Structures are given as C-alpha cells and as structure tokens.
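I set out to record what the coordinates show about enclosed spaces, sheets, helix packing and unusual backbone geometry. The entries follow in the order in which I looked things up.

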Amino acid sequence: MKSLVLAEKPSVAKELARVLGCSQKHKHYMEGPKHVVTWALGHLVTLAEPEDYDAKYKTWNLEDLPLLPERMKLKLIKETTPQFRAISQLAKRADLEQLIIATDAGREGELVARWIMELIHWRKPYQRLWISSQTDKAIREGFAKLKPGREYDSLYQSAVCRAEADWLIGLNVTRALTCKFNAQLAAGRVQTPTLSMMMEREREIRSFQSKDYWMIRGQFGGFQALWRGKKHPDGRLFDKAAADELVSRLQRGKAAVSQLKVTGKSEPQPLAYDLTELQRDANRKYGFSAKQTSNVLQRLYEQHKLVTYPRTDSRYLTSDMVSTLPARLESLSVQPYAALVKPLLRKPLPVTGRIVDDSKVSDHHAIIPTEQAPLLHTLSADERKLYDLIVRRFISLFYPVYRYDETAVTVEAAGESFYAKGRITKDLGWKSVYGQDGSASFSEDDDEDHRDHDAHDPQQSLPQLQIGDTFKEIRISLEKHMTKPPGRYTEASLLTLMEKHNLGTPATRADIIEKLLSTDTIERKMNTLQPTGKGAQLIELVAPALRSPELTTRWEQELERIAKGRGNMKAFLACIREQTVEMVREVKNSTTEYKPHNLTHSKCPDCSQALQEIKGKRGKMLVCINRECGYKRAAEPALSNKRCPQCHKKMEIHTGKAGKYAQCRHCNVIEMLNDESRMSGKAARRNASQLINQYSDNTSLGSSLGDALKAALQKQKED
C-alpha cells in the first residue's frame with residue numbers, strides 16, 4: 001500500500017518526490033515504491049462567489065445586502081480544475097491507504113489541503129508533514145516523524161474563520177460602498193484600519209504648525225556640550241530674546257567640569273529574525289518593499305533551500321535545534337563569512353535564553369540558515385542581500401555582547417549647565433560581525449518619526465577630564481532649528497505599527513500594503529507611503545467600527561485563540577455576521593457625498609459623464625465614472641518604435657482624419673504611418689507573402705525576397 005502526498009506547489013512536489021524516490025513522472029503526479037506525490041497550485045478551492053448562490057447577485061444592488069449565506073459553499077478555481085480532477089482521481093485508487101498533507105506548514109497551507117480534502121470526499125486516514133526547511137535532511141526527518149492530522153484541526157478552524165470573516169466583511173462592505181457611492185471603493189477587515197491609522201498620521205502632519213526654537217552649544221577645548229536648563233530639560237528655547245540674553249551672559253563667564261561619571265554599559269545581540277523584522281530591515285537598508293522581501297525570501301527557502309520557513313512570527317529557536325547549530329555554522333565557512341564563523345567552531349557555542357526559548361515558539365522558529373552550504377554565485381543580487389542579512393544576524397547570536405564605557409560630563413558656566421556624552425568601546429562583540437561601524441539595523445524601539453533634538457546631541461570622543469578642570473577659551477553659539485511634524489510612514493514603520501496593533505499576520509501584512517496600493521487608496525512617494533484623495537474620502541465613508549484597529553486586534557487575538565484550541569469558532573463567526581449587518585446598515589444610511597479625486601475634464605463619448613484617471617497595470621487609464629457604462633481608454637498615447645529624426649526619442653502614435661501618424665511630443669515632428677510601415681515580425685512577413693502571391697506569378701520566398709517584393713510593389717503601383 002502507498003501514501004498520497006499533497007504538496008502546495010509543483011516545485012515543492014518535485015523536491016519531495018526526488019527525496020522519496022518517486023521516479024515515475026506523470027502529468028499531474030509522480031509515483032514511487034511507497035508514495036504518490038501530487039500538488040495543488042496554491043489554492044485549487046475557494047469560497048463560492050455570491051452569484052454561485054443566486055444568479056441575481058452577479059449584478060451589484062444595494063438592496064440585496066448584506067449577503068449572509070447560512071452555510072458557506074466551496075467552489076473550484078476554474079483555471080486549476082484539471083489538477084483538481086487529477087487529485088480526485090488519485091483519491092479513488094484502492095492502493096492509496098492514507099494522505100500526507102505536505103502543504104506549507106502554516107494556517108494558509110492547512111486551508112489549501114483541507115478544502116481539497118473536503119471536495120474530494122477524503123475519508124481515509126491522514127497525517128501531517130510539518131517541516132521548517134526544504135533540505136533533503138529536513139524532508140527525510142519530517143517523513144520519519146509524521147504527525148497525526150487531527151492535531152491541526154484547530155489551525156484549520158482558525159483558517160476557515162479568517163477566510164469567512166474576510167468574505168463576509170470585505171465583500172459586503174465593498175459592495176455596499178461601491179453601490180452607494182457609484183465608485184470602485186474597497187474595504188476590508190485589516191486593510192481599512194491600516195488605512196485609518198495612516199489617515200490619522202496624515203491629519204497630524206496637516207494640522208502641525210512649525211515653530212522656531214534655539215539651542216545653545218558650547219565648545220570647550222576638544223569637545224562640544226549642549227546647554228540644558230531646569231525649566232528646559234530638552235535644551236530648546238522658543239524665546240529668541242531670552243536665548244540671546246543667556247548667550248551674552250555665558251560668554252562672559254568661566255567654565256569648569258563639575259561632574260564626571262564613567263559607566264560601563266553593554267548592548268546585547270539583536271534577536272533572530274521573524275518575517276516582519278526582516279521586512280523592516282530590508283526596507284531600511286535596501287529599500288525593499290515588504291512584498292519584495294517575501295518573494296525573495298520564498299525563493300531562498302524553496303528554490304535554494306538556504307533558509308528556514310519564512311512566514312514565522314517567532315524570533316527564538318527551540319531546544320531540540322541546539323544540536324544542529326554547529327552544522328549550520330559549519331556550512332557558512334565560505335567567503336565572506338568564514339573568518340566570522342571560525343572562532344565560534346573552536347569551542348562550545350554560548351546558547352542563551354536570548355537564542356533558545358521553547359515558550360516563545362508556536363508553529364515555527366525564527367528564520368535562520370539551513371545546514372546547506374550556499375553557492376553564493378548562483379544567487380541574484382536581491383537574494384544575496386537578503387541572505388547576507390539573515391546570515392550575519394544568525395552568526396551575531398553567538399558573539400559576545402557589545403561593551404563600552406560611557407562618559408557623562410557636566411560643565412558649569414555662569415551658573416548654567418552644559419552636558420556631553422562620550423563612548424569608548426571596550427569589546428565590539430557582536431557588532432564586529434557587521435564590519436567597522438557595527439551597524440546591524442535601526443534600534444528595534446527606534447521611533448523614526450519623533451527625533452527632533454536628539455539629533456543635535458551626538459556621541460563623541462572626549463579628552464581626558466577631571467572634576468575641577470577649567471577652560472580658558474570657550475565659544476558659545478546659538479543654533480536655530482524648527483520643530484518638525486511626525487514623518488509619514490515608510491513600509492518599515494508601517495509594518496511596526498501593524499505588528500503593534502496585531503493587524504494581520506507576518507504572512508499577510510505585505511499583501512495588505514500591496515492591496516492598498518493597487519486600489520489607489522495609498523501611494524508610494526519616494527520611500528514613504530501616504531493616503532491618496534480616494535483613501536482620505538474612503539475612510540470617512542466606512543463604518544467607524546471598521547476603522548478601529550482595536551476591533552481588528554480583538555478579532556486577530558480570537559483567531560489565535562481558535563488556532564490554539566482555546567477559542568470558539570461558532571461564536572466568532574456569529575459576531576462577524578452581526579458586525580457585517582451593522583456596517584452595511586451604516587453605509588446605507590450614510591448622507592456623506594463622495595467626489596472622485598481624480599476626475600479629468602474629458603467626457604465619456606458613450607454617456608457624456610466625466611472620465612477619471614486611474615493607474616492600471618499598463619499605465620494610466622481614463623475610465624468613465626458611471627460603472628454601468630464601462631468605457632475606458634489609455635490616458636497616454638501609445639509609443640511607436642519609430643524614433644524622432646531630431647531628438648531620437650520614441651514618437652507617439654495618434655489617429656487623425658488622414659489616418660495614423662507618429663508625432664514627437666518634444667519636437668512636434670509628424671510622420672504619417674501606413675499599415676506596412678508599422679508591421680513587424682510575423683505580420684510583416686505575412687503581408688509580404690500576400691503581395692508576392694498576388695503580383696508576382698507565385699514567386700517563392702527565398703534569398704531573393706527583397707527583389708521579389710520590389711517587383712511585386714512595382715506591379716501593384718502599375719495596376
């Protein structure tokens with residue numbers, strides 16, 4: 001008897017089949033002595049659409065809402081039907097005694113497999129392959145320690161709750177907004193509160209009024225110090241006259257060291273990466289979007305097998321992994337990591353509670369390198385950068401803490417106090433893994449948006465000082481600054497905010513940001529994200545409850561409780577349905593008016609209503625605001641391959657009364673186009689063949705093609 005193995009993707013199935021010795025290749029599966037390996041294509045099954053319940057729901061009507069099916073149905077995804085049918089046929093084989101779920105080891109992976117099992121009516125036993133890396137060793141060990149499938153029933157229930165909640169709230173509120181305001185407006189259980197928090201920051205920025213302030217800096221011999229007063233602990237003075245008077249008094253006085261304190265300090269190694277922290281660092285250091293990091297990381301995990309399972313929310317390892325750590329470090333004995341790893345392998349590894357903590361690992365441990373030696377030359381530039389972040393963070397876990405002496409000095413002058421700090425490194429420790437500057441990343445509790453005066457007080461090297469030392473020459477300067485508004489969110493800081501409010505999971509946050517971008521509710525500007533005019537209006541149209549991060553936080557916490565077997569699936573979905581009814585009611589009763597932010601002066605040729613400019617996959621489009629009309633066209637002229645004879649830039653294609661013509665926007669050079677001149681490739685060859693057949697007594701296409709064409713065209717003119 002054999003086992004049916006269900007993987008999530010063909011690429012993963014291929015690797016599993018290779019390790020399991022399944023050498024017989026078929027179109028939809030691979031077979032070996034003990035296993036038949038097949039695959040999904042991501043999701044083969046999804047929740048049914050409203051029109052699958054009743055054809056009338058294909059047309060969106062406000063009166064039909066809310067849509068609350070008593071029992072949610074499943075349906076096949078049309079494009080993947082052949083693969084589903086193949087799995088269904090395999091399930092009927094009498095020689096397959098059990099199913100091994102080998103989809104991704106997480107909530108979504110569990111849902112992929114269970115929904116397929118439900119539609120193929122799988123009634124035989126099933127087990128779960130739960131592995132955190134795709135190396136041959138991990139696959140073999142995983143199949144040797146298969147877990148009972150029933151152990152993951154709670155995880156499946158949590159996945160169903162998330163899917164149904166997103167359907168009920170997202171679909172109903174999106175349809176309600178779109179029908180009520182006759183515009184493409186999308187809302188969701190996670191994306192809307194995320195947008196709400198961004199709008200709150202936008203309001204803070206717009207209402208902010210900048211003020212001038214002054215800071216006093218003193219130059220004492222070989223170092224600088226900042227003035228701070230009892231009533232001004234941050235050193236900022238908003239009264240210019242008072243600041244000038246203070247500077248005048250300080251310049252006449254003498255200065256001496258009144259306090260000197262040397263404190264030994266240390267900075268521990270940063271924790272290993274989870275997905276969100278890695279996305280933050282990649283955004284800060286390389287400008288990667290969260291989605292870009294997820295995609296590159298998936299390739300490192302699945303294709304190159306160099307890192308462990310990516311979609312994790314833990315930053316710790318488990319105790320059963322301790323024995324594998326030397327082998328993982330050994331595999332990194334390649335340039336440029338060999339010199340960093342070598343001293344670690346000479347003695348037992350210092351494994352502390354900062355590295356290993358079973359209580360802080362649920363489904364998957366932190367992202368670390370596998371035991372597979374990397375072939376760095378096979379990695380793309382982005383893969384190399386991300387892998388380098390993971391490797392250096394992993395190596396740094398086993399280095400000593402960074403130790404330094406911090407010297408704090410207070411200088412008294414004319415009864416006022418100046419303060420300076422200096423740092424002397426005692427042991428670079430883990431920072432040596434990151435090179436000369438020792439920079440691993442931004443501080444984990446660093447607030448990128450509120451750093452006004454701290455930037456004026458940098459660390460510096462201090463000379464040898466003693467209490468009572470006096471300074472013969474002092475220079476006092478007055479520096480003018482302006483208060484700054486809070487900064488707009490970068491992807492790194494938005495991920496931090498989403499994590500803080502428990503919005504989404506590490507696996508879904510990147511997709512939420514991309515969805516907000518694709519629906520034109522937020523936009524990227526340089527390295528920041530900000531709401532569009534559409535997003536600003538949308539947040540005013542949705543129900544206040546859906547804007548609240550607190551409500552979504554409670555939902556996410558309940559989903560987590562359900563996944564751990566401590567929550568109530570029925571109660572959660574009943575609550576979601578009640579909230580859906582209330583949110584739709586509020587949209588229906590709304591008296592707010594929606595005005596598209598991107599209207600143009602162009603009119604629709606079909607219904608005469610205004611056209612709005614939207615960003616599509618192929619550039620900007622002009623779309624009729626009347627959804628029932630459906631008219632749309634490109635907002636910008638198409639470019640031809642014809643180059644302007646003056647500036648050599650590509651010319652635009654236009655259509656006039658005399659036909660199509662090419663025009664250079666910069667030089668206003670115009671050239672008429674005919675069909676032959678714009679043809680290329682197969683179209684040009686086909687047209688040439690037709691001309692020859694028509695005008696050249698069936699002259700064959702050979703090496704004399706040019707002559708034949710010339711003769712044919714000449715005859716065409718004569719006729």
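**Entry 1. Cavities.** I began with the largest cavity, which holds about 80 Å³ of space. The model I am reading is predicted. I then asked how many cavities of 30 Å³ or more there are. The count came to two.

I listed the lining of the largest cavity next: Val12, Leu16, Ala102, Thr103, Asp104, Ala105, Leu129, Ile131, Gln134 and Tyr301. I sorted these residues by class and obtained seven nonpolar, two polar and one charged.

For the second largest cavity I noted a volume of about 30 Å³. Its lining consists of Ala186, Gln191, Thr192, Leu195, Leu516, Thr521, Leu538 and Ile539. Two elements, α7 (191–207) and α16 (533–541), each give two or more residues to this lining. Which element gives the most to the lining of the second largest cavity? I found that it is α7, with three residues. By class I recorded five nonpolar and three polar residues in the lining of the second largest cavity, and no charged ones.

**Entry 2. The second largest pocket.** I moved from cavities to open spaces and looked up the second largest pocket, with a volume of about 750 Å³. It is lined by 25 residues, of which Trp130, Ser132, Glu141, Asp320 and Met321 are the closest to its centre. I noted that α5 gives the most to this lining, with four residues. The class division of the pocket lining is five nonpolar, eleven polar and nine charged.

**Entry 3. Helix α1 against helix α5.** Having met α5 in the pocket lining, I examined how it packs. The axes of α1 (residues 10–20) and α5 (residues 136–144) come within 10 Å and cross at roughly 75°. The two helices are therefore roughly perpendicular, since angles of 65 to 115 degrees fall in that class. On the α1 side I listed Leu16, Arg18, Val19 and Leu20 as making the contact, and on the α5 side Asp136, Ile139, Arg140 and Phe143. This set divides into five nonpolar and three charged residues, with no polar ones. I marked Leu16 in particular, as it belongs to this contact and also to the lining of the largest cavity.

**Entry 4. The mixed sheet.** I traced an open sheet of seven strands in the order β2-β3-β4-β1-β7-β8-β9, and its pairing is mixed. The edge strands, each pairing on one side only, are β2 (24–25) and β9 (147–148). I then followed one pair within the sheet: β1 (residues 2–7) and β4 (residues 35–39) run in the parallel sense over five bridges. Which residue of β4 is the bridge partner of leucine 4? I read off valine 36. Helix α1 lies across this sheet, over β1, β3 (29–31), β4 and β7 (96–102), and runs at about 170° to β4.

**Entry 5. The antiparallel sheet.** I found a further open sheet of seven strands, ordered β15-β12-β13-β14-β11-β10-β16, with antiparallel pairing. Its edge strands are β15 (470–471) and β16 (474–482), each paired on one side only. I recorded nine bridges between β10 (residues 212–220) and β16, in the antiparallel sense. Within that pair, glutamine 219 stands opposite arginine 475 of β16. Helix α8 (residues 240–252) packs on this sheet and touches β10, β11 (223–227), β13 (402–413), β14 (416–427) and β16. I noted that the direction of α8 makes about 165° with that of β16.

**Entry 6. Backbone geometry.** I closed with the peptide bonds and backbone angles. A cis peptide bond joins leucine 65 and proline 66, with omega about 0°. I placed proline 66 in the loop between α2 (50–53) and β6 (74–76). Another cis peptide bond joins glutamine 335 and proline 336, with omega about 10°. Proline 336 lies in the loop between α11 (325–330) and α12 (338–341).

I also checked phi at histidine 121, which is positive at about 55° although the residue is not a glycine. Where is histidine 121 found? I located histidine 121 in the loop between α4 (107–119) and β8 (126–128).

Methods. Residues are numbered from 1 along each chain as its sequence is written. This is a predicted model: local features need pLDDT of at least 70, side-chain atom pairs count only at pLDDT 80 or more; totals for chains, interfaces and linings use all residues. Side-chain values use heavy atoms; hydrogens and water are left out. On a 1 Å grid over the protein atoms alone, a cavity is a set of points where a 1.4 Å probe fits but cannot get out, and a pocket is an open set with protein on both sides within 12 Å along at least five of seven lines; lining residues have an atom within 4 Å of a point. Grid points are joined across faces, edges and corners, and a volume is the space filled by probe spheres set on the points. Ala, Val, Leu, Ile, Met, Phe, Trp, Tyr, Cys and Pro count as nonpolar, Asp, Glu, Lys and Arg as charged, and the others, Gly among them, as polar. Axes are lines fitted to C-alpha atoms, for helices over the stretch in contact, and angles run from 0 to 180 degrees between N-to-C directions. Angles under 35 degrees count as roughly parallel, over 145 as roughly antiparallel, 65 to 115 as roughly perpendicular and the rest as oblique. Contact means heavy atoms within 4.5 Å. Two strands pair if DSSP finds at least two bridges between them.
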